[in-house]
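Here is a short briefing on a two-chain model. Look over the sequence and the fold before reading on.

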Amino acid sequence: MATTTAAVTLSSDLLSGSLSVTGTTTLMKAGTTADGLNQMRMGRNEIPTGTSFDLLDATAAGIDKANKVYISNESTDTSYYVIIIIDAKVIGRLYGGDWMFLPWNMDDATHDLELTSYVGTNTIEWVKFHENETLTTQGD
Amino acid sequence: MAITASITLTSGANDLVTDALALATSSSLSKAGATTALSNTTGLARKTTTTTDQFILLNADNFTADKAHKLYIKNTSTVADQFFTIHIDDEKLGLMYAGDWALIPWAATNGVKAAFTVTFAATWATADTAVFDGVTIALGSTATTAAMAILVAAARYPNFTATVNGSVVTFTAKDSNDLSLIEEGAASDDYVITTNGNGTGTVARVAGTPVASANDIKITPGQAVNTIEYMLFYE
């Protein structure tokens, strides 16, 4: 079984008492403990401003699966940010230094994960853990 | 103050891929475009559902839009096929199975709340009434039009807030998802006045069409009983 572990730690002195939250999960295929997500894509991109780009294309094979996406904004200028969009719905902003880890359900073929860069060219690193991806047949 | 969020993604050699995978990132959760830490949190909360009905976990109206908010959310179930679906408004974001966690940036785009005014005029008298949102206001012995407006604005309404300026009271919905439009005019079925004399209360909607919040975080449990832990860091 492919075993990938995602662990998070959140700690802060924001409260008068200490705040420390941890979470660890093994990335499994939907609804099972017997089989882990067994496919992965990863990359690093420079995202210029002015255009909304598809970072990851949705595929019907990904509907109602347990796919996960990690994105880190590697920009060192904290005023730089990218807006994360799924199927035209704004999810939120990732500023320079921020990262996110979220489930991604490809609800339909238009459920692409998109990015728009602001202030300047943002550099992002990303990993998608998934199942059921079939490569597109050669078109030319 | 500082908030640190760290993630590690690991997989052994010949596991997911031939070589070992080890990614580690640590971030200080800061305010939008700044290096100062996000200053607010909901605290860690826990909610156990009892039905599969969708519900709003976080209402965008309660937070400032377009900041660097981050939501931590976890499915605490230990039964593999138990899941819930997380939505941003009606957009399905993804399925979270037992043990899954996520850290999600959140735009919290606000809606436009419905609002209307009631202009009190002519002569209001003792025992005249105005009824709205389940609240009845009866004018006491200080029988003036301005006094009626003050009483109406001072009341606490379940779904609206009210402010007064002279003899005009402005009502604003507490939730932009409340899109019920109030009937306008001097004889509104929604804002009901009863006077013994010639007192009037004329309803007029505030210009601008109300728009429901399109960025609420909603949860749809995959089964009736689901326990969710979550914590929002916001500014």
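Which residue of β1(B) is the bridge partner of A:V8? The partner is B:I7. The model is predicted. The bridge between A:V8 and B:I7 belongs to a strand pairing across the two chains: β1 of chain A, residues 5–12, is joined to β1(B) by 8 bridges. The two strands run antiparallel.

**The contact between the chains**

- Chain A brings 50 residues to the contact, and chain B brings 55.
- On chain B, six named strands each supply at least two residues of the side that touches chain A: β1 (3–11), β2 (21–28), β6 (69–75), β7 (83–88), β8 (91–97) and β9 (101–106).
- The largest share of that side of chain B comes from β1(B), with 9 residues.
- β1(B) therefore has two entries in this briefing: by the DSSP criterion of at least two bridges it pairs with β1 of chain A, and it gives the largest share of the side of chain B that touches chain A.
- By class, the side of chain B that touches chain A holds 30 nonpolar residues, 17 polar residues and 8 charged residues.

**Chain A**

- Chain A has 10 strands and 0 helices.
- Read from the N terminus, its elements are β-β-β-β-β-β-β-β-β-β.
- The C-alpha trace of chain A spans about 50 × 40 × 25 Å along its principal axes.
- Chain A has 140 residues, and 46% of them are buried.
- Take the contacts in chain A between residues at least 6 apart in sequence: 72% of these join residues at least 24 apart.

**Chain B**

- Chain B has 18 strands and 1 helix.
- How does the radius of gyration of chain B stand against the globule rule? The radius is 25 Å, and the rule gives 18 Å for 235 residues. The value for chain B is well over that of the rule, so chain B is more spread out than a compact globule.
- Along the principal axes, the C-alpha atoms of chain B fill a box of roughly 85 × 40 × 30 Å.
- Of the 235 residues in chain B, 37% count as buried.
- Among contacts in chain B between residues at least 6 apart in sequence, 66% join residues at least 24 apart.

**To take away**

- The chains meet through 50 residues of chain A and 55 residues of chain B.
- An antiparallel pairing of β1 of chain A with β1(B), with 8 bridges, is part of the picture.

Definitions and conventions:
Residues are numbered from 1 along each chain as its sequence is written. Chains are lettered from A and ligands numbered from 1 in the order in which they are written. This is a predicted model: local features need pLDDT of at least 70, side-chain atom pairs count only at pLDDT 80 or more; totals for chains, interfaces and linings use all residues. Two residues are in contact if their C-beta atoms, placed from the backbone, lie within 7 Å. Helices (H or I, at least four residues) and strands (E, at least two) are DSSP runs, numbered from the N terminus. Ala, Val, Leu, Ile, Met, Phe, Trp, Tyr, Cys and Pro count as nonpolar, Asp, Glu, Lys and Arg as charged, and the others, Gly among them, as polar. A residue is buried if 20 or more other C-beta atoms lie within 10 Å of its own, exposed if 12 or fewer, and partly exposed in between; C-beta atoms are placed from the backbone. The radius of gyration is taken over C-alpha atoms; the globule rule is 2.2 Å times the number of residues to the power 0.38.
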